[in-house]
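Q: Hi, could you walk me through this one? I'd like to go over rings, core and voids.

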Amino acid sequence: MFSKEESRKLREEFWISFGKSFPKKWVLYNTKIKGFSFKFYFDTKKAGVYLDIENDDLEQRIIYVEKIESLKSILISEYLPEAIFNDSLLLENGKEISRVLVEKDGLSIHNKATWQAAMEFLNETMLKYEAFWFEYEDFFKA
């Protein structure tokens, strides 16, 4: 069991190490679309890479969800076959979002022995998300 401070330090150490191991300027929040972002996630059970559609305007969110749904077969067949589409996800803070996620279980930020596998998974998955994004970015911005 780790204290909050020990857990915080491990998280910080992991993300610093990840940045040094894979030094790249990721798209992440820089999609130029409000509420449309890519995110890394790593906790004590799994690692994940997410495409979150968090637009507060429900109509706008629906438009982006419909766009991503229209490209679902391409995203799955050419980029991320393990992607899971979630039109409506309630976050812990009560906010409803839409998410396309790719996760890998059995990795723990508290277990340094899994860090290399997590880093490789996060890097490879985000590279695929970004390749998809760069190919279809204009479609989402139209």
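What follows is a chat about the aromatic rings, the nonpolar core, the voids and a few single residues.

A: Happy to, and please keep in mind that this is a predicted model.

Q: How many aromatic pairs does a search of the whole structure find?

A: The search turns up 21 aromatic pairs. One of them joins phenylalanine 36 and phenylalanine 38, with 6.4 Å from centre to centre and 85 degrees between the planes, an edge-to-face arrangement.

Q: Are those two buried or exposed?

A: Phenylalanine 36 is buried, at 2% relative accessible area. Phenylalanine 38 is buried too, with a relative accessibility of 1%.

Q: And how do the rings of phenylalanine 36 and phenylalanine 140 sit?

A: Their centres are 5.1 Å apart and their planes make 50 degrees, so that pair counts as tilted. The two residues come from distant parts of the chain: phenylalanine 36 belongs to strand 1 (residues 36–42) and phenylalanine 140 to helix 4 (residues 115–141), 104 residues apart.

Q: Why does phenylalanine 140 count as buried?

A: Because its relative accessibility is 1%, and the buried class takes in anything under 20%.

Q: Which residues form the aromatic cluster?

A: One cluster is made up of Phe36, Phe38, Tyr64, Tyr79, Tyr129, Phe132, Trp133, Tyr136, Phe139 and Phe140.

Q: Nice. Which charged groups sit over rings?

A: I can give you two. Lysine 67 is over the face of phenylalanine 139, 5.3 Å from the ring centre. Arginine 99 has its charged end over the ring of tyrosine 50, at 4.0 Å from the centre.

Q: Switching to the core, how many residues are in the largest nonpolar one?

A: The largest nonpolar core holds 39 residues, and Phe14, Tyr129 and Phe140 have the most contacts inside it. Two or more residues come from each of helix 1 (4–21), strand 1, strand 2, helix 2, helix 3 (72–79), strand 4 and helix 4.

Q: Which element has the largest share of this core?

A: That is helix 4, with 11 residues. As background, nonpolar side chains tend to be buried together in soluble globular proteins.

Q: On to voids. What is the volume of the largest pocket, and what lines it?

A: The largest pocket has about 260 Å³. Its lining consists of Lys39, Phe40, Tyr41, Tyr50, Asp52, Glu54, Leu90, Leu91, Glu92 and Arg99. Strand 1 and strand 2 (46–53) are the elements that give two or more residues to that lining, and strand 1 has the largest share, with three.

Q: How does the lining of the largest pocket divide into nonpolar, polar and charged?

A: There are five nonpolar and five charged residues, with no polar ones. Arg99 and Tyr50 both appear in that lining, and they are the partners in the charge-over-ring contact from before.

Q: How many cavities of 30 Å³ or more are there?

A: The count is one. The largest cavity encloses about 40 Å³.

Q: What lines the largest cavity?

A: The lining residues are Ile53, Val65, Ile68, Glu69, Phe85, Asn86, Asp87, Ser98, Arg99 and Val100. Helix 2 (58–70), strand 3 (84–90) and strand 4 (96–105) each give at least two of them. By type, that lining has five nonpolar, two polar and three charged residues. You'll spot Arg99 here as well as in the pocket lining.

Q: Last topic, backbone angles. What is phi for leucine 28 and lysine 32?

A: Leucine 28 has a positive phi near 45 degrees, and lysine 32 has a positive phi of about 70 degrees. For context, most residues other than glycine have a negative phi.

Q: Where are they, and how accessible?

A: Leucine 28 is in the loop between helix 1 and strand 1, and lysine 32 lies in the loop between helix 1 and strand 1 as well. Leucine 28 is partly exposed at 23% relative accessible area, while lysine 32 is exposed at 63% relative accessibility.

Q: One more: what about glutamate 78?

A: Glutamate 78 sits in helix 3 and is exposed, at 55% relative accessibility. Its C-alpha atom is 8.6 Å from that of phenylalanine 132, which is 54 residues away along the chain. Phe132 is also one of the members of the aromatic cluster we went over.

Conventions: Residues numbered from 1 in each chain as written. Predicted model: local features only at pLDDT ≥ 70, side-chain atom pairs only at ≥ 80, totals over all residues. Heavy atoms only, no water. 1 Å grid on protein atoms, 1.4 Å probe; cavity = no way out; pocket = protein on both sides within 12 Å on 5 of 7 lines; lining within 4 Å. Points joined across faces, edges and corners; volume = space filled by probe spheres on them. Helix = DSSP H or I, 4+ residues; strand = E, 2+ residues; numbered from the N terminus. Nonpolar A, V, L, I, M, F, W, Y, C, P; charged D, E, K, R; others polar. Phe/Tyr/Trp six-rings, centres within 6.5 Å; stacked < 30°, edge-to-face > 60°. Buried < 20%, exposed > 50% of the residue type's maximum accessible area, 1.4 Å probe, protein only. Lys NZ or Arg CZ within 6 Å of the ring centre and 35° of its normal. Core = buried A, V, L, I, M, F, W, Y, C linked by side-chain atoms within 4.5 Å.
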